[in-house]
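Take a look at the chain below. This report walks through a pocket, a core, a helix and a few single residues.

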Amino acid sequence: MSEMKGLIPHLVVKGGAKAIEYYTAALGAVELSRMPADDDRLMHAALRIGDATLFLCDDFPEYCGGVSRAPSGPSPVTLHLCVPDCDAAIAQAARAGAKLAMPPEDMFWGDRYGQVVDPFGHAWSFSTPLSAERKAAAEKKWAAENPFVQKKSA
C-alpha cells in the first residue's frame, strides 16, 4: 500500500462494496485494500482518488448503540476535489449515479465549481481554476446580481 499522509476522510456507507464500484466509476478511484466482515459488509476499505486517500466502511449500527452513522439524507460535510475539468467530472459522477446538486458555473472566487450528492448521501464538490478573463467576468456578474454588494451611485 502506498504511503498515506494528511487528512483522510473516512465515510460510513450502506453498501460498501457498491460504494467502491461507484467511486471507481464516478471518480476514477483505485481500490487499495478491502477488509470484509463475515456478513459481506466492509469493516474497512481504502481507495486512492488522484493523489488523495479515502477510507470507507459499511454501517454497523449494532456496534454504535443501535444508531446508524451512514447519512439518511445529504451529509452536512462536503468532500471537494480539484480537477482538470469540472464539467467532465460532474458529468462522470452523474452518469455513475450521483444527483446533481449544483450545476457547474464560473464563480466569482475564480473557479468553475459544481456539486453532486452520491448514491450514499455524501456531497461532493468539484472545481477547476478559471482563466483571468473568465474570473473577471464571473466577478462582474456576481457583483451585478448579488444583493449584498453595495452599488455605486452614478
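Six elements each supply at least two residues to the lining of the largest pocket: α1 (16-27), β3 (42-49), β4 (52-58), β5 (78-82), α2 (86-95) and β8 (123-129). The model is a predicted one. β5 gives the most to this lining, with four residues. In total, 28 residues line the largest pocket. Those nearest its centre are Ile49, Gly50, Ala52, His80 and Leu81. The volume of the largest pocket is about 570 Å³. What kinds of residue make up its lining, nonpolar, polar or charged? The lining holds 18 nonpolar residues, five polar ones and five charged ones.

How is such a space found? A probe the size of a water molecule is rolled over the atoms, and this shows where empty space is left.

**The nonpolar core**

Now turn to the core. The largest nonpolar core has 27 residues. Within it, Leu11, Tyr23, Leu27, Leu56, Trp124 and Phe126 have the most contacts. β1 (10-13), α1, β3, β4, β5, α2 and β8 each give two or more residues to this core. α1 gives the most, with six residues.

Phe126 deserves a separate look. Leaving out residues up to four places away in sequence, Phe126 touches Leu27, His80, Leu81, Val83, Cys86, Ala89, Ile90, Ala93, Arg112, Tyr113, Gly114 and Val116.

**One side of α2**

Which residues of α2 are buried? They are Cys86, Ala89, Ile90 and Ala93. These residues lie on the same side of α2, because they cover an arc of only 95° around the axis. An α-helix has 3.6 residues a turn, so residues three or four places apart point the same way. What covers the buried residues of α2? The cover includes α1, β6 (99-106), β7 (111-117) and β8. Phe126 is in contact with Cys86, Ala89, Ile90 and Ala93.

**Single residues, buried to exposed**

The table lists five residues with their places and relative accessibility.

| Residue | Place | Relative accessibility | Class |
|---|---|---|---|
| Asp40 | loop between β2 (30-36) and β3 | 65% | exposed |
| Gly50 | loop between β3 and β4 | 64% | exposed |
| Pro103 | strand β6 | 48% | partly exposed |
| Met102 | strand β6 | 28% | partly exposed |
| Met107 | loop between β6 and β7 | 11% | buried |

Why does Met107 count as buried? Its relative accessibility is 11%, and buried means under 20%. Why does Asp40 count as exposed? Its relative accessibility is 65%, and exposed means over 50%. Pro103, at 48%, counts as partly exposed.

Asp40 has another feature. Its phi is near 75°, a positive value in a residue other than glycine.

Gly50 links back to the pocket, as one of the residues nearest its centre. The C-alpha atoms of Gly50 and Ala132 are separated by 26 Å. Along the chain, these two are 82 residues apart.

**Around β6 and the loop after it**

Met102 and Pro103 both sit in strand β6. The contacts given here leave aside neighbours within four places in sequence. Pro103 is in contact with Tyr113 and Gly114. Met102 is in contact with Met107, Tyr113, Gly114 and Gln115. Met107, in the loop between β6 and β7, touches Met102, Tyr113, Leu130 and Ala138. Tyr113 therefore appears in the contacts of Pro103, of Met102 and of Met107, where contact means heavy atoms within 4.5 Å. Tyr113 is also among the residues that Phe126 touches.

Some C-alpha to C-alpha distances place these residues in space. From Pro103 to Ala52 it is 24 Å, with their positions 51 residues apart in sequence. Ala52 is one of the residues nearest the centre of the largest pocket. Met102 and Leu47 are 25 Å apart in space and 55 residues apart in sequence. For Met107 and Tyr22, the separation is 28 Å, and they are 85 residues apart along the chain.

Technical notes: Residues numbered from 1 in each chain as written. Predicted model: local features only at pLDDT ≥ 70, side-chain atom pairs only at ≥ 80, totals over all residues. Heavy atoms only, no water. 1 Å grid on protein atoms, 1.4 Å probe; cavity = no way out; pocket = protein on both sides within 12 Å on 5 of 7 lines; lining within 4 Å. Points joined across faces, edges and corners; volume = space filled by probe spheres on them. Nonpolar A, V, L, I, M, F, W, Y, C, P; charged D, E, K, R; others polar. Core = buried A, V, L, I, M, F, W, Y, C linked by side-chain atoms within 4.5 Å. Buried < 20%, exposed > 50% of the residue type's maximum accessible area, 1.4 Å probe, protein only. Arc of directions from axis to C-beta.
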